[in-house]
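Me: I've got a structure open and I'd like to learn how to read its features. Could you walk me through it?

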Amino acid sequence: MYDISKIREDFPILSREVYGKPLVYLDNGATTQKPRSVVEAITNEYYSVNANVHRGVHFLSQQATELHEASRETVRRFINARSTNEIIFTRGTTESINLLASSFAESQMQAGDEVIVSTMEHHSDIVPWQLQAAKRGIVIKVIPMNDKGELLQDAYKQLFSEKTKLVCVMHVSNVLGTVNPVKEMIAEAHAHGVPVLVDGAQSVPHMKVDVQDLDADFFAFSGHKVYGPTGVGVLYGKEEWLDKLPPYQGGGEMIQSVSFEKTTFNELPFKFEAGTPDYIGTTALAKALDYVTAIGMDQIAAHEHELTQYAMQRLKQIEGMRIFGEAEHKSSVISFLVGNIHHLDMGTLLDRLGIAVRTGHHCAQPLMQRLGIEGTVRASFGLYNTKEEIDILAAGIERVSRMF
Ligand code: PLP
């Protein structure tokens, strides 16, 4: 049984008011709220365990190290990686992708080599490649999509050449909600001998992810979008790939020995984790993963699917409604515009009704160009949202529409 009232009680912020109205939080694509267990893990560790990890012989340092490394094991289990050597802690999806872009391009790509990305990518999976393109002369190729917001698989297959070195594709679109067929896309890339990076920022919070089943070579996600703290994320990489890649940053932790003549690097995963890690954040991330695991990822997916179906049907009844993203496989994200109402006006007026939605280009300007618009209003649902909140959203949109 999916006990939504009990779940909502775990998130104190959901019972607050804004402008005298009950908060309706529908900006989960940007960040999710945190359950008590996550916030308490942070205070508990600061109050009773805090010490720098890995380098200390003393009791607290060892305990903090155990917590930090246990969190790595929790992440491993959560995405079903083979080994904790394959779990690199980063600041989030953006840093994970930048790490990979830098280390991969430096060691595996030459001028003229190609990386394939998709039309719907987030800026964090476009700009790092553009930086590498400017530095090393690599070429970016783009998978097109249809008007429903689905990537064109035939066109994708045509993009491969002997110069293709990597495919980078998002699992779920943060604007359209499209669930891309990444397993099939990975198989296609592998048939060409090309590895794949999956941006899982918007899939990990909403569905069961198994990196071995997907056969992803690299997979990135952020803690704060899966009910964990800000400032911590993950880059998964197959060990055989991570072994081949050079470090991203230099400093403490990532070395075995340093002299002015020669420095040797630490083994995985520490080779990619220079400096003091956010070991409090990793403990809290593990708590968040434990939290969603206890509810059940399949149960969360089913709940959110029902909400999305309900919201799609409810919003489509509104006059002048245009929904962007009608893919057959769609996650709990709905982007829309109503008549000629500017997305910013809609978002601002909904906010006055207590409804938090996101407006703008959602860090996907190339996608906006493809859709021929500047921005959208985006409602994105999480495990604690309800049908009543969707009714409030629909009534709010209707009220704003009447004002224009
Ligand atoms: N990729 C996708 C699909 C996203 O939705 C986001 C955040 O909105 C990111 C990457 C970047 O995540 P972060 O800002 O946590 O690094």
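Reply: Sure, let's start in a loop. His54 sits between α2 (36-48) and α3. Keep in mind that this is a predicted model.

Me: What is the sign of phi at His54, and is the residue buried, partly exposed or exposed?

Reply: For the backbone, look at the phi angle: His54 is not a glycine, yet its phi is positive, about 70 degrees. For the surface, look at relative accessibility, where the band between 20% and 50% is partly exposed. His54 has 28%, so it counts as partly exposed.

Me: Where is Asp215, and what is its phi?

Reply: Asp215 belongs to the loop between α8 and β9 (218-222). Its phi is positive as well, about 65 degrees, although Asp215 is not a glycine. At 29% relative accessibility, Asp215 counts as partly exposed.

Me: Okay, from phi to omega. Which residues does a cis peptide bond join here?

Reply: Omega is the angle to check. Between Leu268 and Pro269 it is about 0 degrees, and the bond is cis. You'll find Pro269 in the loop between β12 (263-265) and α10.

Me: There's another proline I clicked on, Pro205. Is it buried or exposed?

Reply: The cut-off for buried is under 20%. Pro205 comes in at 1% relative accessibility, so it counts as buried. Its place is in the loop between β8 (196-199) and α8 (211-214).

Me: What does Pro205 touch?

Reply: Skip the residues up to four places away in sequence, and you get Gly200, Lys225, Val226, Tyr227, Met297, Ile300 and Glu304. You can also pick a pair and compare sequence with space: Pro205 and Lys271 are 66 residues apart along the chain, and their C-alpha atoms are separated by 27 Å.

Me: Let me try that on Ile373. How far is it from Leu337?

Reply: The two are 36 residues apart in sequence, with 9.7 Å from C-alpha to C-alpha. Leu337 is also one of the contacts of Ile373, along with Arg322, Phe324 and Met368, once neighbours within four places in sequence are left aside. Ile373 lies in the loop between α13 (365-371) and β17 (376-380), and at 14% relative accessibility it counts as buried.

Me: Now helices. How does the reach of α4 compare with what is expected?

Reply: Take the distance from the first C-alpha to the last and set it against 1.5 Å a residue. Helix α4 (residues 93-108) has 16 residues and reaches 21 Å, close to the expected 22 Å. Its buried residues include Thr93, Glu95, Ile97, Leu100 and Phe104.

Me: And how are two packed helices described?

Reply: You give the angle between their axes and the distance between the axes. Try helix α3 (residues 59-79) and helix α10 (residues 279-295): the angle is about 35 degrees, with the axes 8 Å apart. The crossing is left-handed. On the α3 side the contact includes Leu67, His68 and Phe78, and on the α10 side Tyr279, Leu285 and Asp290 are among the residues involved. By class, this contact has 8 nonpolar, 6 polar and 1 charged residues.

Me: Why do α11 and α14 count as roughly parallel?

Reply: Angles under 35 degrees get that label. The axes of helix α11 (residues 297-316) and α14 cross at roughly 20 degrees and come within 10 Å. α11 and α14 are therefore roughly parallel to each other. Their crossing is right-handed. Among the contact residues are Glu306, Tyr310 and Arg314 of α11, with Lys387, Asp391 and Ile397 of α14. The classes here are 8 nonpolar, no polar and 4 charged.

Me: Last pair: at what angle do α12 and α14 cross?

Reply: Helix α12 (residues 343-352) and helix α14 (residues 387-403) cross at roughly 120 degrees, and their axes come within 10 Å. They are therefore oblique to each other. The crossing is right-handed. Met346, Leu349 and Leu350 make the contact from α12, while the α14 side has Leu393, Gly396, Ile397, Val400, Ser401 and Met403. Sort these by class and you get 7 nonpolar, 2 polar and no charged residues.

Definitions and conventions:
Residues are numbered from 1 along each chain as its sequence is written. This is a predicted model: local features need pLDDT of at least 70, side-chain atom pairs count only at pLDDT 80 or more; totals for chains, interfaces and linings use all residues. Side-chain values use heavy atoms; hydrogens and water are left out. Helices (H or I, at least four residues) and strands (E, at least two) are DSSP runs, numbered from the N terminus. The expected span of a helix is 1.5 Å times one less than its number of residues. Buried means under 20% relative accessible area, exposed over 50%, partly exposed in between (1.4 Å probe, protein chains only). Axes are lines fitted to C-alpha atoms, for helices over the stretch in contact, and angles run from 0 to 180 degrees between N-to-C directions. Angles under 35 degrees count as roughly parallel, over 145 as roughly antiparallel, 65 to 115 as roughly perpendicular and the rest as oblique. A crossing is left-handed if the near helix is turned anticlockwise from the far one by less than a right angle, and right-handed if clockwise. Contact means heavy atoms within 4.5 Å. Ala, Val, Leu, Ile, Met, Phe, Trp, Tyr, Cys and Pro count as nonpolar, Asp, Glu, Lys and Arg as charged, and the others, Gly among them, as polar.
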